[in-house]
Amino acid sequence: MAKGVLVVGQSGGPTVAINSTLVGIIHEALEHPQISAVYGAVNGIEGVLSEDFIDLGRESPQTLEGLRHTPAAALGTVRHKVKEEEYDRILEVFRAHNVRYFLYVGGNDSMDTAHQLHLLADGVGYELHVVGVPKTVDNDLVGTDHCPGYGSAARFVAIALRDTGRDTEAMGRSSPVKIVEIMGRNAGWLTAASALARDEEGDSPHLIYLPERRLPKEKLIADVKREVDRRGYVVIAMSEGVEDENGLPLGEALVRSEVDAFGHRMKGGCSDGAEMLIREELGLKVRIDKPNYLQRSMMIAASSVDLDEAYRVGRAAVQAVVSGQSDVMVTLVRQPGPVYYCDTGLAPLAEIANKERRLPDEYIAPSGHDVTSAFVEWARPLIGDPLPPYARLARIPVAPRTKTK
């Protein structure tokens, strides 16, 4: 294998754990003599195109240790679909710097970019080892048990639904409907994690709407009415990708038509559509929470399991390229047994790029507005330490001494 430079780039939406992966890559790369230097591409593939690199091997140990607990993408990130005419420029830059190892940290589209770069180098006989490194709070990459970044975002969602549930319970009939709109594009993994908020029977969320199941407007109204009649209020976890009975985004007129560089329609607005329907049909006051990017960027909600796995995935990516691997993605492989643990593995990029892993049927309750115990069992270890215990008043009544009017 040729001795040369390793370049790492970060792409797509940042997460709480993406820098832990970066540090794992740097630590491992510095241990291998065939890697002559470790460069970071500023803003992902755009940094390669503009030849904007930084020398990660010259960062202090203190900085690297701090990055393991720092959110967002330290290198900067990007959503850039490589154009046909840009591939020659990428190869020119790699040749100029003797880049022989390329690691791309990202989601579905980033895996496609990594796959295309492998094909590019292979097609011209340039020795380049390319490995994709998974990262996405959407958790929609195929071939892996779950994705680094998901566990921490899932922990945030569970905390948010738990706390806003208590708030909505306290408000009662004065503000009876709360909708929390949750990220995830077309996959319901992150919305499903809201079920981890529940400590007792009847806890929030009472309704969980996933993009894997269409939500007819009549069902939404009937569900909300039933839950409000039962307890006086309802808390709803709603995926940003929820569609109505016609396969259109809920509240189609309110949803943005913006698309990203890869042609993906930007999600969001379903909670506004639901609010309008509930207000018009039931006359109830509706409050909406849109955590948006807070879901993926709150280090205070980081999962210790997620940070550890993200770091190990980074180290595994370097081990893969220096052993001669290319055109693969690092995966997490859950091991059997009573104690949760994941090893790392590898899967072909061609089987991952541009594919989408949605929440399977066995994790969705027959009602269509909840998850199963199998999902909870699968997801609970990923969020790390148990959520702190909450108390609830016994509400021992005092007998009245006056006549009510």
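**Notes on the sheet, the cores and helix α11**

1. Let's start with a helix on the sheet: α9 (residues 270-282) lies across β6, β8 and β9, and runs at about 160° to β6. Here helices (H or I, at least four residues) and strands (E, at least two) are DSSP runs, numbered from the N terminus. Lying across rests on contact, meaning heavy atoms within 4.5 Å. Axes are lines fitted to C-alpha atoms, for helices over the stretch in contact, with angles from 0 to 180 degrees between N-to-C directions.

2. A word on the source: this is a predicted model, in which local features need pLDDT of at least 70 and side-chain atom pairs count only at pLDDT 80 or more, while totals for chains, interfaces and linings use all residues. Residues are numbered from 1 along each chain as its sequence is written, and side-chain values use heavy atoms, with hydrogens and water left out.

3. The sheet itself is open, with 4 strands in the order β7-β8-β6-β9 and parallel pairing; two strands pair if DSSP finds at least two bridges between them. At the edges sit β7 (207-209) and β9 (286-289), each pairing on one side only. From one strand to the next, the twist averages 20°.

4. For a closer look at one pairing, take β6 (residues 177-182), which joins β9 in the parallel sense over 4 bridges. V180 has D289 in β9 as its bridge partner. A further helix, α8 (residues 217-231), lies across β6, β7 and β8 (234-239), at about 160° to β7.

5. Now the interior. The largest nonpolar core (buried Ala, Val, Leu, Ile, Met, Phe, Trp, Tyr and Cys residues joined through side-chain atoms within 4.5 Å) has 36 residues, and those with the most contacts inside it include Y150, W189 and W378. Buried means under 20% relative accessible area with a 1.4 Å probe, protein chains only; exposed is over 50%, and partly exposed lies in between. Helix α6 (150-171) is among the elements giving two or more residues to this core, and its 7 residues are the largest share.

6. Beyond its neighbours within four places in sequence, W378 is in contact with several residues, among them D145, H146, Y150, W189 and R334.

7. Lastly, α11 (residues 304-322): at 1.5 Å a residue its 19 residues should span 27 Å (1.5 Å times one less than the number of residues), and its end C-alpha atoms are 28 Å apart, which agrees. Of those 19 residues, 15 are buried. Just after α11, G324 takes a positive phi of about 100°.
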